[in-house]
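Open the structure in your viewer and keep the selection box at hand. The tour goes from stop to stop, and each stop says what to select and what is there.

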Amino acid sequence: MAAEGGGKEMNEIKTQFTTREGLYKLLTHSEYSRPNRVPFNSQGSNPVRVSFVNVNDQSGNGDRLCFNVGRELYFYIYKGVRKAADLSKPIDKRIYKGTQPTCHDFNHLTATAESVSLLVGFSAGQVQLIDPIKKETSKLFNEERLIDKSRVTCVKWVPGSESLFLVAHSSGNMYLYNVEHTCGTTVPHYQLLKQGESFAVHTCKSKSTRNPLLKWTVGEGALNEFAFSPDGKFLACVSQDGFLRVFNFDSVELHGTMKSYFGGLLCVCWSPDGKYLVTGGEDDLVTVWSFVDCRVIARGHGHKSWVSVVAFDPYTTSVEESDPMEFSGSDEDFQDLHFGRDRANSTQSRLSKRNSTDSRPVSVTYRFGSVGQDTQLCLWDLTEDILFPHQPLSRARTHTNVMNATSPPAGSGGTNPGSNGNSITTPGNSVPPPLPRSNSLPHSAVSNAGSKSSVMDGAIASGVSKFATLSLHDRKERHHEKDHKRNHSMGHISSKSSDKLNLVTKTKTDPAKTLGTPLCPRMEDVPLLEPLICKKIAHERLTVLIFLEDCIVTACQEGFICTWARPGKVGLLSSQNQANSPSGTVV
């Protein structure tokens, strides 16, 4: 088990590993941390998080990196596999008193070499908008903690919007903000907009428009993470009650739910084409959920403790088609494409072509990864035999329709074959007529789930009316590729199981009654994936996993952000600088 360590790492820490693509290697000179490189004493601190943005810098160093360690927040030029990290020159550094940064997100739509908009959430509930390039602090939201006093667990810009952002708290609430609006000086009053099973959405009652525009109450316990679908039209939330819930963001309709095997769900991500969703949590498992079938299709067991982050790798997800005029899916096809966008979007485009192909045989393999509190990195392949098992006729019909997207599968919400304009078809399609029957909500406040405007009709606060005018058809689809690091997806509740699911969600507090249902199948009822690799790569729990075109980025609670060069991407930096460093054993 032991391997030689690189740099300060001890013997059991892996510094390289091999998959079918080749050798991944830790670049010890591309490690980012606090300038003194001293391991951070992480006891009682919030998880280290990392955010990236590309500012299209003409110099070729357009990538920027933000990370939090304890009370500190750092902003660096990220040189990746190209050059060694220079920790002596952070672009910006901030130390906070009385509160700690917990999460952050860049607005990829507005980022330039001269200015970036960075949202930072805090342990005391506030959200700050800063520009680390200009070293400015423009606004502080929930400053007096009148909106929510609990820790911010997740903050993200709404895809395609320059001003809207969503904030989740450990209270189980989410809030929609507009950076142009103030928060008011009194506790906000709310009126009910939409209510369903285990969720409610309220608008803010006020004479003038103020934040928050919307308040979502989701499930029981902390709302640990949320993620937008690749086209921005759906929102997946995972909570401490162990439930995954997926909403149509504009119509505020619940489209599907899933229950963990046990314990809370901590993380969620979408596949690049919007057809699958992966969660991880306190059951030590990764769970794969199908958008079209709205069911668990596989679980993966490799971690020995809680899974803290899951992420798809759009650069290793492969699509193979028999027609030579189509993309072949080989890794070499995309070597020269622009960092972080073109290749990921090409993968999405190929996946979309796969969905709309009528007769061509197509195969696909999705790659995703996970890191956990067991300090291990796992990589997983989701292959055709798992996605489309050969089973009785009804399943075969599902197989055919999922592959060809010609009609919705029998008894499922399905996809809309008439909506092929987007590169990601599944979560972006218009909702088919049977959807209200497919919905798991027994008492939906709005009967027509397919109409966005229906939610916004009537006497609704002006802030929400303005939000309606910024619905996703106005959030230009040409911008969605800018959110290139969080490509993820989800689905509808199938009508054949909706009655059973309705019954289950009403008794969700008793895990024994959900186990063995479509909401939470037994372990023996779904395929169990084994990881391609499962390697210990840190001393402290891992909190970050991000797939970039030429590397994988991981981080641990000690505050070390590590760069793992992809096969063939080690480059001049490694051959020169790492020649004198001890290398790990290839395992």
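How many residues lie between β9 and β10 in their hairpin, and which residue in the turn has a positive phi? The model you are looking at is predicted.

**Stop 1: the β9–β10 hairpin**

Select residues 127–131, which make up β9, and residues 136–141, which make up β10. Between the two strands of this hairpin there are four residues, and Lys-135 in the turn is the one with a positive phi, about 55°. The strands run antiparallel and are joined by five bridges. To see one pairing, pick Ile-130 and look across to Thr-137, its bridge partner in β10.

Now move on to Asn-142, in the loop between β10 and β11 (152–157). Asn-142 is not a glycine, yet its phi is positive, near 55°. Is Asn-142 buried or exposed? Its relative accessibility is 2%, so Asn-142 counts as buried, the cut-off being under 20%.

**Stop 2: strand β13 and its neighbours**

Select residues 173–178, strand β13. Six of its six residues are buried, so the strand is largely enclosed by the rest of the structure. Show the side chains and check each face in turn. Asn-173, Tyr-175 and Tyr-177 lie on one side, with Met-174, Leu-176 and Asn-178 on the other, and all of them are buried.

Add β12, residues 164–169, which runs antiparallel to β13 and is joined to it by five bridges. Phe-165 stands opposite Tyr-177 here. This pair is also a hairpin, with three residues between the strands, and Gly-172 in it has a positive phi near 95°.

Next add β16 (214–218). β16 and β13 are antiparallel too, with four bridges between them. Trp-216 in β16 is the bridge partner of Met-174.

**Stop 3: a cis peptide bond**

Select Asn-211 and Pro-212. The peptide bond that joins these residues is cis, with omega at about -5°. Pro-212 belongs to the loop between β15 (199–205) and β16.

**Stop 4: Val-252 and the annotated repeat**

Select Val-252, in the loop between β19 (243–248) and β20 (253–259). Val-252 has a positive phi of about 55° although it is not a glycine. Its relative accessible area is 0%, and Val-252 is buried.

Then select residues 258–290, the range covered by the annotation "repeat: WD" in an unreviewed UniProt entry. The chain over this range is 61% strand and 0% helix, and its end C-alpha atoms are 10 Å apart.

**Stop 5: an open sheet**

Which strands form the open sheet of five, and in what order? The order is β1-β2-β33-β32-β31, with antiparallel pairing. β1 (16–19) and β31 (542–547) stand at the edges; each has a single partner strand, so one side of each is left without a neighbour in the sheet. On average, neighbouring strands in this sheet are turned by 20° against each other, direction ignored.

Within the sheet, select β2 (residues 22–26) and β33 (residues 561–565), which pair in the antiparallel sense over two bridges. Leu-26 has Trp-564 in β33 as its bridge partner.

**Stop 6: the cysteines**

How many disulfides does the structure hold? The number is zero. Select Cys-556, which is in no disulfide: the nearest cysteine sulfur belongs to Cys-562 and is 6.4 Å away. Cys-556 is buried, at a relative accessible area of 5%. Finish on Cys-520, which is also buried, with a value of 1%.

Methods: Residues are numbered from 1 along each chain as its sequence is written. This is a predicted model: local features need pLDDT of at least 70, side-chain atom pairs count only at pLDDT 80 or more; totals for chains, interfaces and linings use all residues. Side-chain values use heavy atoms; hydrogens and water are left out. Two strands pair if DSSP finds at least two bridges between them. UniProt positions are given in the numbering used here, feature names are shortened, and annotations may be inferred rather than shown by experiment. A disulfide is a pair of cysteine sulfur atoms within 2.5 Å. Buried means under 20% relative accessible area, exposed over 50%, partly exposed in between (1.4 Å probe, protein chains only). Axes are lines fitted to C-alpha atoms, for helices over the stretch in contact, and angles run from 0 to 180 degrees between N-to-C directions.
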